[in-house]
Amino acid sequence: MLDVHHVKPYGDTLNDGIVQLSFTLPIPLSNAAKEAARQLTANMGLEEAAVAHAEGISDTFSFFIVYGKCSHGVNIAGITVPEVALEVLSKKEIDEFIRTHLNRKLNVVGACIESDAHTVGIDAIMNIKGFNGHKGLESYHEINAVNMGAQVACEEVIHKVYEIQADAILISQVVTQKNIHITNLTRLVDMLEAEGLRDKVTLVVGGPRISHELAKELGYDAGFSSNTYAEHVASFLVQEVKRKNMWDNGKETG
Amino acid sequence: MKKLNLSQDVIDCGRKYAKRIVDQVQEHIDAHSTVAVERSVLRLLGIDGVDQAGVPLVNGIVEELHNAGVLGKGAMYWFVNGMIHTKLSSQQLAECIVNKTIHLLELPRIPKGEIEDAALQLAIHSLTKIKERRQEREAWIASIGKGQEPMLYVIVATGNVYEDAIQAQAAARQGADIIAVIRTTGQSLLDYVPYGPTTTGFGGTYATQANFQILRQALDEVGKEVNRYIYLTNYCSGLCMPEIAVMGALERLDVMLNDSMYGIIFRDINMKRTFVDQYFSRLINGYAGIIINTGEDNYLTTADAIESGHTVLASELINEQFAFRCNMTSEQLGLGHAFEIDPQTPNGFMYELAQAQLVREVFPKSPIKYMPPTKYMTGNIFKGHVQDTLFNVCSIMTGQSLHLLGILTEAIHTPLIHDRFLSIESAKYVFNNLRGITDEIYFREGGFIQQRAQEVLEKAVSLLEEIADVGLMQALTLGYFADISRASEGGKGLQGVIVKECSYLNPFIPLMLKGGKSNA
């Protein structure tokens with residue numbers, strides 16, 4: 001029976017704990033190297049470690065595929081993960097929501113900021129075509145979506161926020177080598193604070209290695225990771241903007 | 001072998017439109033220079049190094065001339081005038097200018113004819129060095145050979161040049177034929193080239209002349225060991241495009257990413273700047289015997305690969321004509337495309353075959369660069385490995401030349417050493433197993449693949465016709481490529497574009513034009 005207080009990996013029998021690993025050691029392949037790989041795996045808490053494959057991949061590197069049985073279990077009942085609290089609306093519902101609650105379009109600026117040159121994330125959310133059949137924000141009738149592309153300086157983002165009176169800012173960060181994304185994301189928040197804009201906009205960050213928890217820690221309203229589509233982000237934006245009651249009350253009809 | 005039943009008339013017609021498109025832009029190119037071109041001229045004269053603040057000497061000199069509004073005569077005019085007067089070497093003079101002990105504009109002017117003669121002699125002398133590096137490459141290949149096509153092309157990107165050298169050598173031992181050192185993210189927008197060996201980069205390593213030299217040496221070393229010449233690749237793009245070309249020519253790089261429009265579309269670099277920069281950079285690459293790679297694969301990361309397949313072909317034809325204007329040969333044009341169709345698409349592989357075979361047949365002499373799936377790669381590395389395998393199969397079936405290996409962890413991180421190993425191993429397996437397959441297969445007359453290829457070709461030609469009518473700059477403004485639109489006065493680097501005076505001096509242009517094809 002599954003013990004939710006002690007969940008272990010499943011190979012082909014409950015609680016067998018089977019895990020597969022692959023890694024490289026910076027040493028030439030030898031029997032001693034294989035034994036080193038096995039011992040290292042055992043030290044990771046894997047029992048019955050077995051080197052399934054060992055291969056020299058250069059004069060000075062050897063590659064291993066290892067199996068072992070995990071001796072640890074995890075208490076799934078004791079885990080809470082911060083997630084964006086969200087009712088996901090359809091594209092149509094989102095447009096409707098904006099029409100009902102606001103007499104103008106929702107203004108959104110998106111950019112992949114500073115050093116990051118990868119537009120794939122921001123494009124997936126913003127471009128008309130979107131991604132995987134999920135249309136992007138540019139295709140929403142009630143959203144004025146401005147995709148600034150990649151390598152956009154924080155100063156330019158702020159300039160654009162003023163220019164279009166943005167309600168929300170979407171930031172994409174793909175490159176995380178040496179934690180460059182933290183530096184970039186912090187820089188933007190600091191500048192928004194300094195401009196007195198931080199409380200006037202909803203600030204969202206997305207990227208394959210971004211979690212909601214990290215986003216909150218850095219002072220963002222939400223963080224989205226893989227498998228996020230435009231409707232997720234848009235649903236969050238409209239609900240958050242309404243919750244904060246940031247919209248011009250004089251114009252609000254809903 | 002021709003398998004698609006393409007109409008040569010339609011292909012010729014596409015080339016004709018592409019030529020017309022490029023001819024229009026060439027008028028702009030011939031009338032202008034840029035700060036980057038002028039810095040390249042100074043680099044060709046042998047000026048290297050940085051000042052105390054880390055600013056390259058060539059930037060200091062060109063900026064001073066630009067600020068004084070006299071760059072329309074060409075940096076060469078002022079600098080050679082200075083050299084004749086002071087009798088200093090180019091490097092010594094450069095240092096004196098930057099230290100402000102000599103003011104170029106305050107020196108008396110020597111008669112123009114004398115400056116021109118001296119400039120010509122200096123240029124001829126500089127180009128000898130580049131020619132020597134080219135001959136060195138040819139000698140290496142003649143003696144130990146090079147990889148068999150499709151050549152296995154991998155990327156290293158540690159950020160630390162010394163680590164890159166270790167990984168590059170390991171990759172060569174594993175079977176790689178071409179090593180590209182990815183640049184640190186952001187370098188394309190720097191309006192200067194960093195200096196010296198570097199150990200800190202993000203998602204890549206700075207392109208510096210010292211780094212080029214370190215990698216070249218490492219690959220020559222390992223090339224002897226594995227008994228084949230290993231190509232070194234870098235990125236001749238961004239605001240310093242022609243300067244990187246000079247550095248690459250001097251350090252014997254073999255392949256350069258060097259697209260005529262990539263910077264405009266994907267880096268928001270001003271188009272008037274890029275067109276001038278790409279021309280001078282391709283003159284250098286052509287003269288140096290370097291293979292350039294174009295970046296059409298990138299279009300498909302933003303636009304849909306099935307819908308926009310024809311934009312890739314249209315752009316390749318434009319890139320080809322731009323290269324021909326620099327007297328590059330077809331054999332130097334690694335025109336790019338990619339395996340980027342949504343894996344959910346029924347018969348997606350057949351679309352890929354059609355596109356790859358089409359590119360192969362339209363450019364029969366060119367070393368086509370084929371890029372792996374990136375857009376639809378996920379954290380599921382096991383599935384990713386299979387996607388890459390299909391890509392490998394498509395490449396060998398259609399005779400691609402420069403095969404950029406897909407890496408199973410593409411969507412997660414820059415390749416780990418064993419990611420690269422697994423990728424090389426599986427490509428070698430596929431290529432070896434299917435080595436003679438192209439000679440054994442043909443595509444059914446009037447079948448899906450032939451029809452798809454013909455349709456893409458026809459759409460590409462009508463797109464070229466349309467672009468020839470509106471002009472390339474206008475087409476870029478209208479977002480014809482990759483669904484991205486750029487204004488002709490927008491983007492970065494426009495302030496570095498200079499109108500040439502009629503007395504503009506740059507003897508490198510005619511010399512390299514003469515030598516591009518003839519010394520091949």
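# Exercises on a predicted two-chain model

In chain A, strand S4 (residues 106-112) runs parallel to S5(A), and 5 bridges join the two. This pairing belongs to a predicted model, and the exercises below work through several of its parts.

## Exercise 1: the parallel sheet of chain A

Task: Work out the order of the strands in the sheet that holds S4(A), and find its edges.

Solution, step by step:

1. Begin with one bridge: Leu106(A) has Ile143(A) of S5(A) as its partner.
2. Extend the pairing outwards. The open sheet has 5 strands in the order S5-S4-S6-S7-S8, and they pair in the parallel sense.
3. Look for strands that pair on one side only. These are the edge strands S5 and S8 (222-224) of chain A.
4. Check the twist: on average, neighbouring strands of this sheet are turned by 20° against each other, direction ignored.
5. Add the helix packing. H4(A) lies across S4, S5 and strand S6 (168-172) of chain A, at about 165° to S4(A).

## Exercise 2: a pocket beside that sheet's elements

Task: Which element gives the most to the lining of the second largest pocket?

Solution, step by step:

1. Start with the volume: the second largest pocket holds about 670 Å³ of space.
2. Turn to the lining, which has 29 residues; closest to the pocket centre are Asn147(A), Met148(A), Gly149(A), Ile484(B) and Arg486(B).
3. Sort the lining by element. Two or more residues come from each of strand S5 (143-147) and helix H4 (154-164) of chain A, and helix H10 (262-267) of chain B.
4. Pick the top contributor: H4(A), with 4 residues.

## Exercise 3: the antiparallel sheet and its partners from chain B

Task: In what order do the strands of the antiparallel sheet of chain A stand, and which helices of chain B lie across them?

Solution, step by step:

1. Take the pairings one at a time. S1(A) and S3(A) run antiparallel and are joined by 8 bridges, with Phe23(A) opposite Phe64(A) of S3(A).
2. On to the next pair: S2(A) and strand S3 (residues 61-70) of chain A are antiparallel too, over 9 bridges. Here Gly56(A) faces Ser62(A) of S3(A), and Ser58(A) faces Phe61(A) of S3(A).
3. Examine the connection: S2(A) and S3(A) make a hairpin, with 2 residues between them.
4. Put the pairings together, and the 3 strands give an open antiparallel sheet in the order S1-S3-S2. Strands S1 (18-25) and S2 (46-58) of chain A each have a single partner strand, so they stand at the edges and one side of each has no neighbour in the sheet. Neighbouring strands are turned by 15° against each other on average, direction ignored.
5. Now cross to chain B. Its helix H7 (residues 161-174) lies across S2 and S3 of chain A, at about 85° to S2(A). Helix H16 (residues 417-433) of chain B lies across S1, S2 and S3 of chain A, at about 65° to S2(A).
6. Finish with burial: 7 of the 10 residues of S3(A) are buried, leaving this strand mostly covered.

## Exercise 4: burial in chain B

Task: Is Val461(B) buried or exposed, and which faces of S4(B) are covered?

Solution, step by step:

1. Locate the residue: Val461(B) sits in helix H18 (residues 448-470) of chain B.
2. Apply the cut-off. A residue counts as buried under 20% relative accessible area; Val461(B) has 8%, so Val461(B) is buried.
3. List its contacts. Leaving out residues up to four places away in sequence, Val461(B) touches Val10(B), Cys13(B), Gly14(B) and Tyr17(B).
4. Compare sequence with space: Val461(B) and Ile11(B) are 450 residues apart in sequence, yet 7.7 Å apart from C-alpha to C-alpha.
5. Move to strand S4 (residues 231-235) of chain B, where 5 of the 5 residues are buried. Tyr231(B), Thr233(B) and Tyr235(B) are buried on one side, Leu232(B) and Asn234(B) on the other, and both faces are therefore covered.
6. Add the neighbour: strand S3 (residues 178-181) of chain B pairs with S4(B) in the parallel sense over 3 bridges, and Ala180(B) stands opposite Thr233(B).

## Exercise 5: confidence

Task: Where in chain A is the pLDDT below 50?

Solution, step by step:

1. Read the chain values. Chain A has a mean pLDDT of 89, with 96% of its residues at 70 or more.
2. Find the low stretch: residues 247-254 of chain A are below 50, and this stretch has 16 contacts in the model beyond near neighbours in sequence.
3. Do likewise for chain B, whose mean pLDDT is 95, with 99% of its residues at 70 or more.
4. Close with the model scores, ipTM 0.84 and pTM 0.86.

Definitions and conventions:
Residues numbered from 1 in each chain as written. Chains lettered and ligands numbered in written order. Predicted model: local features only at pLDDT ≥ 70, side-chain atom pairs only at ≥ 80, totals over all residues. Heavy atoms only, no water. Pairing = 2+ DSSP bridges. Axes fitted to C-alpha atoms, helices over the stretch in contact; angles between N-to-C directions. Contact = heavy atoms within 4.5 Å. Buried < 20%, exposed > 50% of the residue type's maximum accessible area, 1.4 Å probe, protein only. pLDDT = per-residue confidence, 0-100. 1 Å grid on protein atoms, 1.4 Å probe; cavity = no way out; pocket = protein on both sides within 12 Å on 5 of 7 lines; lining within 4 Å. Points joined across faces, edges and corners; volume = space filled by probe spheres on them.
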